[in-house]
Amino acid sequence: MKKAITTLVALIVVAAAAGWGLSAPTRMDAATAATLAEGDPARGELVFWAGGCASCHAAQGAKGDDLLKLGGGLRLETPFGVFVAPNISPSDADGIGAWSLIDFGNAMTHGTSPDGRNYYPAFPYTSYARMSAGDLGDLYAFLKTVPAVDGKAPGHELGFPFNIRRGLGLWKRLFLDPSPVIAAPSTGMEVDAELWARGRYLVEGPGHCGECHTARDLAGGLALAQWLGGAPAPTGEGRIPNITPVEGGFGSWSAADIAYYLESGFTPEYDSVGGEMVHVQENMARLPASDRDAIAAYLKAIPPVTAQ
């Protein structure tokens, strides 16, 4: 009996040690980190709008230059608790002003803070992990040019066990994958391959469209078989629409219709954009027309998901 108890305790200790190791925050390897270089702020501004950074990190209702005051504070109410967007202005004390480019790259692509903590995936690093080194360098350069905002945002409001950040390391092993979601355009679709690939990059990477438009499993990971097929709103109120090429989604819209919607906010039926999509559309309107065309080409040539 004593031997059995000793064996059981040993197995528990080994399992706990293995879990602790597997849940450790990860960082870029040396070869990847070496590809990073501080880039061009002008290009970085386009990445900023493509990534929707102001939508979460600027004050609610901000307009004009106030969109570049990134003091955070937006409350994201989810089934896991309330997440609060942090200050990402170049304030040394309260924002990311003291971060190195490597710190920034680790946060964006690995969800790991400069002090070695796992970030919660309310920060959509599972999408940003697909961003290029060039775009990361450009975005970092641009964020250094916006106004520094004093004051830290309030902390998250999470209960047990979601307040244990270490466990997110195991979650990231399941759901943090920088490979493309959609490998190629749907069979039989005639599409400009380069344009489609650009659209895939924007949608799956900086645009992080799947984070809202794709359903999640019980662990909070994206159900990739239902990619962009619509999902319950994280707040529990309403539903985020299906944007795949099916009836009830973008099936009846042309690529030109989608591109015009992203530019103007008007649908083919002359309705106007509403809800949280207002911020997304306003961001997309700041991009080059070629990028909106690329997003439209991608969305018209991905696998349809049956409307829910």
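## Aromatic rings

Let's start with Y125, which is buried: its relative accessible area is 0%. This is a predicted model, and in it the ring of Y125 pairs up with the ring of F123. Their centres sit 5.7 Å apart with the planes at 75°, so this pair counts as edge-to-face, a label that needs an angle over 60 degrees. F123 has a relative accessible area of 23%, so F123 is partly exposed rather than buried, as buried would need a value under 20%.

For another pair, look at F250 and W253, whose rings are 4.7 Å apart from centre to centre, with 35° between the planes, which makes the pair tilted. Both partners are buried: F250 has a relative accessible area of 9%, and W253 comes in at 10%. The count for the model comes to 11 aromatic pairs. There is also a cluster of rings to look for, made up of Y119, F123, Y125 and Y128.

## A buried glutamate

Next up is E204, found in helix α9, which covers residues 193-204. E204 is buried, yet has no salt bridge. How far away is the nearest side chain of opposite charge? That side chain belongs to R130, and the distance is 4.3 Å. A salt bridge has to fall within 4 Å, so this pair doesn't qualify.

E204 does have a polar partner, though: its side chain makes a polar contact with the side chain of Y298, at 2.6 Å. Setting aside neighbours within four places in sequence, the residues in contact with E204 are S127, R130, P180, V181, I182, W227 and Y298.

## Around A50

A50 belongs to helix α3, residues 41-50. Is A50 buried or exposed? With a relative accessible area of 7%, A50 is buried. Beyond its neighbours within four places in sequence, A50 touches L202, P206, G207, M284 and L287.

You can also set A50 against S127, one of the residues that E204 contacts. A50 and S127 are 77 residues apart in sequence, and their C-alpha atoms are 12 Å apart in space.

## Unusual backbone spots

Most residues other than glycine have a negative phi, and most peptide bonds are trans. Here are some places that go the other way. The peptide bond between F160 and P161 is cis, with omega at about 5°. To find P161, go to the loop between α7 (133-143) and α8 (168-175).

Then there are two residues with a positive phi. H208 has a phi near 40° and lies in the loop between α9 and α10 (210-213). Y270 has a phi near 70°, and its loop runs between α11 (255-264) and α12 (277-284). Which of these loop residues is buried, and which is exposed? H208 is buried, with a relative accessible area of 19%. Y270, at 72% relative accessibility, counts as exposed.

## How confident is the model?

The protein chain averages a pLDDT of 89, and 92% of the residues score at least 70. One stretch to treat separately is residues 6-18, where pLDDT stays under 50. For that stretch the model has 0 contacts beyond four places in sequence.

Terms used. Residues are numbered from 1 along each chain as its sequence is written. This is a predicted model: local features need pLDDT of at least 70, side-chain atom pairs count only at pLDDT 80 or more; totals for chains, interfaces and linings use all residues. Side-chain values use heavy atoms; hydrogens and water are left out. Helices (H or I, at least four residues) and strands (E, at least two) are DSSP runs, numbered from the N terminus. Buried means under 20% relative accessible area, exposed over 50%, partly exposed in between (1.4 Å probe, protein chains only). Lys and Arg count as positive and Asp and Glu as negative; His and the chain ends are not counted. A polar contact is a pair of N or O atoms within 3.5 Å; within protein, one must be able to donate a hydrogen and the other to accept it, and residues adjacent in sequence count only if both atoms are side-chain atoms. Contact means heavy atoms within 4.5 Å. pLDDT is the predictor's confidence in each residue, from 0 to 100. Rings of Phe, Tyr and Trp (its six-membered ring) pair if their centres lie within 6.5 Å; planes under 30 degrees apart count as stacked, over 60 as edge-to-face and the rest as tilted.
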